[in-house]
Amino acid sequence: MDKTHPQELSSISEAEQLKQEIFHNIRCNLGLDPEEMSRYTCYMGLAYSLKGRLINRWINTQKACRENLSKRVFYLSLEFLPGRFLKDYLISLGLEDLARSVLADLGFDLNALEEEEWDAGLGNGGLGRLASCYMDSIARLRLPGYGYGIRYDFGIFYQVLNDGYQQEKSDNWMRRGNPWQIIRFENVHKIKFYGQSEPYTDIHGNRRFHWVNTEDVMAMACDLMVPGFGDEFVTNMRLWTATSSRAFDLEFFNRGDYIGAAEAKVLSESISKVLYPNDAIEKGRELRLKQQYFFVSATLQDIIHQYLTDHQSFDAFSDWAAIQLNDTHPAVAIPELMRLLMDKHGLAWDASWDICRKTFAYTNHTVLPEALETWPVDLFSRLLPRHLEIIYEINKCFLNALAKDYPDEPNLSGWLSIISEGNEKRIRMAHLAIIGSHTVNGVAALHSTILKTSLFKEFNRVYPGRIRNITNGITPRRWLYQSNPGLSDLITTAIGPDWVADLDLLKQLIPRADDGSFQLLWQQVKLANKKRLARYTLRKTGLGVNPHTLFDIHAKRMHEYKRQLLNILHVIHLYNQIRENKGATDVPRSFFFAGKAAPAYAQAKLIIKLITSVSQAINQDPLTRGKLSVIFLPNYCISQAEKLIPAADISEQISTAGLEASGTGNMKFSLNGALTIGTLDGANVEIMEEVGEENIFIFGLKADEVVKKRQEGYNPRKVYEEDPELKRVVDMIDSGFFSPHDPGLFKPIVRSLVDQGDYYLVLADFAAYSKAQQAVAMAYQDQRHWTRMSILNTANMGKFSSDRAVREYARDIWKAVPLP
């Protein structure tokens with residue numbers, strides 16, 4: 001085996017160079033013999049080679065940013081969900097074919113090698129995936145932007161099914177190290193907690209504050225590279241990991257208190273251990289707030305440090321930095337920047353507040369009241385006493401201005417105050433974010449309308465023009481080019497490769513939608529993807545799936561408003577039709593479910609158990625063989641989504657209208673040619689406008705009708721009693737048909753539907769959903785027409801590129817321009 005050192009590679013072929021880099025990395029970074037290479041060591045050797053190339057480009061990019069004096073964008077998100085890095089980096093560097101060839105020479109398959117990589121446990125769902133899509137587009141568009149978050153040691157959890165119940169195991173995604181991260185040992189910031197705020201008078205006679213007697217934690221930077229597709233531009237996510245300011249207390253150790261000697265280190269480092277600690281207990285809630293402040297404080301200290309490298313004052317700060325708050329989790333950044341500017345750098349209140357208001361922008365991601373984050377004042381006063389003072393002062397200034405501008409509306413202050421009065425005073429983080437930002441955006445047209453006319457109606461009146469819309473987007477690099485290579489190759493053959501960077505070019509597929517030969521190729525790609533998912537399902541669950549059935553896929557976070565329950569009720573209805581031979585077998589179907597329930601969300605976890613119990617009954621019944629099957633795939637993650645989405649015939653987007661802010665799963669499925677069955681909710685509205693009403697299956701109550709039905713006194717029991725098919729389905733669940741060993745197991749679900757108001761209107765939409773599913777079955781029988789619809793879905797998805805969304809942010813909110 002050739003032992004060539006990388007420095008001697010200038011005269012050999014590119015393939016040989018990559019091969020020798022792999023050998024060198026296995027020897028020098030892993031301390032192993034390349035001649036005894038395993039799949040894992042080969043993966044690690046390739047990973048280190050790619051990282052080296054990315055670092056060189058990153059250094060050049062940072063130099064260009066400094067020389068260009070460009071405005072910087074800082075995207076703050078408690079979650080990122082990047083998925084696996086290997087294939088993404090190979091594609092961005094243009095090395096996929098080369099690597100595949102080199103690996104084949106070494107006896108390895110690239111697709112198999114990719115399975116050695118564990119999905120990065122840095123996010124949970126759509127919020128984190130959106131942030132990663134936007135980072136991809138920031139790099140693609142050559143914007144000087146950076147992501148900031150937390151480098152969690154463990155993901156939210158690894159989901160396993162035990163007798164059909166969700167069980168949470170630790171997601172130890174770092175167990176074999178992370179070859180992609182660059183630990184910046186020199187980039188460490190002190191983060192303070194607890195203590196007291198003490199006033200003093202400075203030498204100029206100004207009242208200032210010290211934050212004293214604090215418990216300190218150190219935040220250390222870990223960088224992950226984000227390359228631009230087909231470009232030399234490389235930016236990064238900077239993620240913070242917690243380290244103790246006192247790693248080891250020798251005094252405790254010498255007294256024999258060996259646990260106490262390491263206690264400070266353990267407690268400090270718990271901050272970045274796990275994504276979303278359980279907030280059902282007091283310590284979990286405190287840890288969540290600690291996490292939010294920890295990453296925000298480290299980020300702002302880092303940003304200010306970068307700024308002061310080239311500036312002597314803060315006069316140009318808001319012209320140099322745009323800070324985007326991805327939901328309310330980073331909203332504590334507003335009082336923290338005020339604290340740093342005033343207490344550390346000596347600015348006056350008015351100057352500091354002016355900088356904040358010109359620097360921050362806030363993205364709202366929810367209309368669910370329970371998801372609008374609030375924190376007890378008591379917790380803030382204990383954990384972040386100085387910030388509570390600042391928040392009270394912000395609120396005082398805001399309410400004074402409100403009283404002056406609206407003297408005849410005294411109730412307005414109670415509605416809009418940052419502090420919610422009541423039995424327990426709480427801080428409304430969304431109100432803080434709105435007041436402290438120059439722009440607030442929703443993430444779909446319907447969502448933004450709800451913000452303006454309902455949720456934040458009064459803020460929209462007080463701050464006209466502050467709330468605007470930027471519809472979410474997804475990166476076509478990950479969600480078509482990488483995850484669906486068969487379809488990607490077919491599209492490239494038809495219209496050329498430029499669509500990867502300009503998704504609007506997919507419209508060139510429209511004339512092909514009626515081309516019989518192109519339709520046949522399209523169908524062949526879909527079948528190959530369904531076979532791949534069938535193999536994956538067999539490996540993960542032991543269940544065989546017929547790839548020639550209609551694949552109906554419902555993959556998203558488990559929540560009652562997303563209505564996985566409505567889906568499984570309809571599945572039971574189909575099961576009854578099969579058992580009675582009522583012709584429901586014209587189109588054999590396979591229903592896939594995937595998604596995690598929050599550990600403390602008992603009802604969502606019970607719905608998972610219902611789905612798995614129905615699955616067991618149906619899959620074991622000889623009457624359904626070849627006609628109907630139900631699969632729950634455990635541990636939904638990015639790499640699983642990359643197998644599910646390309647294989648889907650039908651995409652389930654059936655949330656209660658008015659409750660889904662946008663959704664991005666709907667975009668991913670449609671981009672890959674799946675047809676949507678959905679309500680007019682979130683981005684479904686805009687998808688329908690783009691693909692055409694005839695190429696989507698819309699059903700159910702609209703957002704305004706949902707509100708009206710509740711106001712008029714919705715009676716779910718009446719719906720249940722008047723629909724015999726629905727009643728039979730609910731009664732089967734209630735009687736223990738799917739839980740014979742525990743007949744009362746699912747009664748909480750039945751009670752919530754029939755006797756407790758059916759808040760998410762599952763029963764109200766059941767008949768309309770069943771009718772829409774009948775339309776799906778009829779359409780699927782005409783494969784030529786179905787394939788035409790599928791092609792037109794893909795062809796009309798250009799609007800939903802994250803490149804378009806990020807351009808809008810850059811132009812309308814950040815005022816940032818790409819590097820030339």
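In this predicted model, strands 8 and 9 make a hairpin, with 6 residues sitting between them. Within that turn, G230 takes a positive phi of about 65°. The two arms of the hairpin, strand 8 and strand 9 (residues 234-244), run antiparallel and are held together by 11 bridges. One of the pairs along this ladder is C222 with L239, the latter in strand 9.

Strand 8 also has a partner besides strand 9: strand 5 (residues 182-193) pairs with strand 8, again in the antiparallel sense, over 9 bridges. Here K192 sits across from D216 of strand 8. How much of strand 8 is buried? Of its 13 residues (215-227), 11 are buried, so the strand is largely enclosed by the rest of the structure. In general, side chains along a regular strand point alternately to one face of the sheet and the other.

Further along the chain there's an open sheet, built from 6 strands in the order 19-18-17-20-21-22 with parallel pairing. Its edges are taken by strand 19 (628-633) and strand 22 (697-698); each has a single partner strand, so one side of each is left without a neighbour in the sheet. Strand 17 (residues 550-555) and strand 20 (residues 650-653) are listed side by side in that order, and this parallel pair is joined by 2 bridges. D552 stands opposite I650, a residue of strand 20.

Among the helices, helix 21 (residues 516-541) is worth a look for Q519, which is found in it. Is this glutamine buried or exposed? With a relative accessibility of 3%, against a cut-off of under 20%, Q519 counts as buried. Leaving aside residues up to four places away in sequence, Q519 touches A513 and D514, and it also touches R784, T787, R788 and I791.

Two aspartates have backbone angles that catch the eye. D163 has a phi near 55°, which is positive even though the residue isn't a glycine. D163 belongs to the loop that links strand 3 (158-162) to strand 4 (165-169), and its relative accessible area of 57% makes it exposed. D758, likewise not a glycine, has a positive phi of about 45°. The loop holding D758 runs between helix 30 (747-754) and helix 31 (762-781). D758 is buried, at 3% relative accessibility, whereas D163 is exposed.

Zooming out, the protein chain contains 33 helices and 22 strands. Its radius of gyration is 28 Å, close to the 28 Å that the globule rule gives for 820 residues, so the chain is as compact as a globular protein of that length. Along the principal axes, the C-alpha atoms fill a box of roughly 90 × 80 × 65 Å. Of the 820 residues, 61% count as buried. As for contacts between residues at least 6 apart in sequence, 75% of them join residues at least 24 apart.

On the outside, the chain exposes about 32000 Å², and carbon and sulfur atoms supply 50% of that area. The chain carries 94 positive and 99 negative charges, and the mean positions of the two sets are 1 Å apart.

Methods:
Residues numbered from 1 in each chain as written. Predicted model: local features only at pLDDT ≥ 70, side-chain atom pairs only at ≥ 80, totals over all residues. Heavy atoms only, no water. Helix = DSSP H or I, 4+ residues; strand = E, 2+ residues; numbered from the N terminus. Rg over C-alpha atoms; globule rule 2.2 N^0.38 Å. Buried < 20%, exposed > 50% of the residue type's maximum accessible area, 1.4 Å probe, protein only. Contact = heavy atoms within 4.5 Å. Areas by Shrake-Rupley, 256 points an atom, 1.4 Å probe, with all protein chains shown as cover. Lys, Arg positive; Asp, Glu negative; His and termini not counted. Charge placed at Lys NZ, Arg CZ, Asp CG, Glu CD. Pairing = 2+ DSSP bridges.
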